[in-house]
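Notebook open, structure loaded. I want to look up how one helix and one strand sit among their neighbours.

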Amino acid sequence: MNDGWRDDIRFLGRLLGDCVREQEGDAAYKLVEAIRQTAVRFRRDGDCVAGAELDCLLNGLSHDQTIAVVRAFSYFSHLANIAEDKHHNRLCRVQALAGSPPEPGSVTRALQDIDVAGVTDEQLRAFLDNALIMPVLTAHPTEVKRKAILDAEREIASLLAQRDLPMTTRELDRNTAELRARVFTLWQTRMLRNTRLTVVDEIENALSYYRATFLRGIPRLMADMEDDIAEVFKSKSGGTPASLAPFLQMGSWIGGDRDGNPNVTAETLEHAAQQQSKVILQWYLDEVHALAAELPLSSLMVDASTELLALAEASPEHSEHRADEPYRRALIGIYARLVATAARLIGHAAQRFPSADATPYDCAQGLAADVQIVIDSLRRHHGNALAHGRIDALARAISIFGFHLASVDMRQVSDIHEAVVGELFKVAGIETDYAALSEERKLKLLLAELRQPRMLSLPYHHYSEQTRSELAIFKMARELRARFGGRIARNYIISHTETLSDLVEVMLLQKECGMLRGTLGSKIDPARMELMVIPLFETIEDLRNAAGIMESLLDLMGFDAVIEQHGMEQEVMLGYSDSNKDGGFLTSNWELYKAESALVKLFENRRVRLRLFHGRGGTVGRGGGPTYEALLSQPTGAVNGQIRLTEQGEIINSKFANPEIGRRNLEAVIAATLVASLLPTQNAPAELSTFEGTMQQLSDHAYGAYRNLVYETPGFKDYFFSTTPITEIADLNLGSRPASRKLMDEKHRKIEDLRAIPWGFSWGQCRLLLPGWFGFGSAVKAILDEQPDDTARNACVATLKRMVKTWSFFHTLLSNMDMVLAKTDLAVASRYAELCEDAALRKSVFARIHAEWHLTCEMLSLITERAERLADNPLLARSIQDRSAYLDPLNHLQVELLKRYRTKKDAGDVRVSRGIHLTINGVAAGLRNSG
């Protein structure tokens, strides 16, 4: 199968080469080929002479040649990704055709394991009735590709997949011609954005994945899961598997996430809701229209239910030509009502108009009821085969997507809430300096105000723009819930939650905007709150305080009524990015684990269901890595049928642009949720307390090593800003949100103020990926050095080996780090180090990083007993090795262009800055999980 993968890469490479020759000329093609072949010799064969030749070739390029070379190697990385994805799809299909046992991470395998463990069909269905699994798409800016590029690549992927099917010579030639045209389209399409994305752009980009994958993929996945349950548990009744509750739903931050993004407003929240509704309603219209064509069933041939006949009579379709076609007439009536619904909700005019006006649906449940009438009639009248196709998928889609498509979360940083509440108090004459109050006095004031029946805000006072904007968000959320249903907006996330008052402030703001009714603590009229208040614990200190803050919230007088209103559930969000930037890879993961364990214990004692929302990014340093293993590595009880997790940046495209890969990624989340929730003993090794004690020791040492380098080394921030393309990334128009929470000039910039996303993205560009491994080697060496003798040292090593073999948390931690270390390239990184003009600083910092990488690799090999990186994943190891030959020229040219740009040599030449940005694009594509 590897030959097929290589064949695809070579084939696409030839098409790209033809494109370069035709578009740029024979000389440019020969130059690109010479660089490619030399890079391959250097990387694969370790040819030092080839390395010197490569340097000579790259250093002698003109500006125009540089752009051509960068584009060629960047697009090769893009095309290699397409070939690799196809290879994975091909492998899965070959295994399925061969009847191979289902792989871990598949729903079928999870169901089989659950069945073997003694879980019954009834227990599983009861569990799924109360489950919620929700991937949440965010607009966090690490996707460097434009939508036009993404669309062209989807076409290439589809055409490439067709080549696995039997084709005549003419069909194969036609396919090749179409692929050639699409590659030429790529080359002639602008790779970079000229302007920064707007929130509206981000909304549309995200919606493209629903059209490509989610709208058909999720209902089909649910249907297949019902069949799998029926097969595994042998519980079919009349050949029809029982329907599952819509436990798999979609969420979004796009249009509602205001943390650090002044471009997100009440207007963007409304636009997001309207565009989402437009997408799903148009899809329903298309599906109903197609069903009307598919079901011209005649009453002369088959009976229909009384309910179906009534639905047909209520339809505006009265043509004598369809008098004996009740199903078609009923569906035309449903279509007419959908058109009216779209007009009511979004003012959207359908492409096909019904023959008469109709009454709009009040809610999605009304549409679902009508569709179910059609399904039930088909099933009762010899139409099972018809009921199991398109209309069954439509019914599932309605239960999953409603009229809202996805839940839009709102998020804002706690400091903003404090300022808004402070202004409200000051204007009302209650407190002139709320922010200066102690936590105790803040809570007393907030709770007193929550018990007041009147509003705090004054209708005729002119509040600051910030206060007006924040209140407008809550008011818009209330309006959208009334229009589209409660699922459109149900969560409010508070970034940087540090105290209980951070949560209560948002409760008060809900009250001000009509979203909290009743009185907190009243038995006669208990509080009812429309938006769940969700804390986001991000820094190491915040994670350590998480359980205490949540205990205080649960203890709040009257909050038990709010919890009951939310179904005895409470969500808590945990941030991977900032905790990593704050404390390093090892400590971040350990503090997240401990916070989860403490929260699980607290919520179990209070008999409240905990739902954890994992703020994961693409890189390992930001919680990335295989989702299945990540969820299974959570502490016992942390999943329990409830999970939300963010999907960010370029990871959205890599996971969901291809429908087959998208399905497998969704399956992995479901499978992991089932196993972690219903088979929790698999994640609890017998020596857990010993392992946790050792992990704490490792974390303490790793934290010290990381903090010492990043925050305590004089000049480190200057080293970082000079040796990575962080400032150039900020100019890359990646997304609508700024790269830093604060505007920074050279004199005042701080690592603390930099967002964690560009922090990790920058380390990836220079091939160090430091946030994913630094500190581990020092930590292991430190605890070994602390042992009094060789016997104790050997015992410590033995413990670490048992930890990696029997504790899924530690195994996943080291597996992810192994992958990051394999992608790290110190030779390439040393070129970036040369960008630091302070020779002493450069030598000092890079020497420490160099030494720590080698020590980390040494300690990892000692524990895993694997001398080579990715020894257990040869496919990934080979992929990284192959990609490196094509990344080397991009990294080399990026360094040279950065030198020219920063020394003002040719800085005014637009080709230099464009070249830098093109290299960033190419390196990100080659690394894949870089953001």
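I started with what helix 13 packs against. In this predicted model, the buried residues of helix 13 pack against helix 10 (266–294), helix 11 (306–313), helix 12 (326–346), helix 14 (384–387) and helix 15 (390–401).

Next I looked up which residues those are. In helix 13, A364, L367, D370, V371, V374, I375, S377 and L378 are buried. They span an arc of only 165° around the axis, which puts them on the same side of helix 13. I noted the usual reason for such spacing: an α-helix has 3.6 residues a turn, so residues three or four places apart point the same way. Turning to the other side of helix 13, I found Q365 and R380 exposed.

I checked the length too. Helix 13 (residues 364–380) has 17 residues, and its first and last C-alpha lie 24 Å apart, close to the 24 Å expected at 1.5 Å a residue. After helix 13 comes H382, with a positive phi near 60°.

Then I moved to strand 11. Is strand 11 (residues 642–647) largely enclosed or not? Six of its six residues are buried, so strand 11 is largely enclosed by the rest of the structure. Q642, R644 and T646 point one way from the strand, while I643, L645 and E647 point the other way, and all are buried.

Last, I looked up the partners of strand 11. Strand 1 (residues 132–137) pairs with strand 11 in the parallel sense over six bridges, and M134 stands opposite R644. Strand 10 (residues 609–615) also runs parallel to strand 11, joined by three bridges; there I logged L612 as the bridge partner of I643.

Conventions. Residues numbered from 1 in each chain as written. Predicted model: local features only at pLDDT ≥ 70, side-chain atom pairs only at ≥ 80, totals over all residues. Heavy atoms only, no water. Buried < 20%, exposed > 50% of the residue type's maximum accessible area, 1.4 Å probe, protein only. Helix = DSSP H or I, 4+ residues; strand = E, 2+ residues; numbered from the N terminus. Pairing = 2+ DSSP bridges. Expected span 1.5 Å × (residues − 1). Arc of directions from axis to C-beta. Contact = heavy atoms within 4.5 Å.
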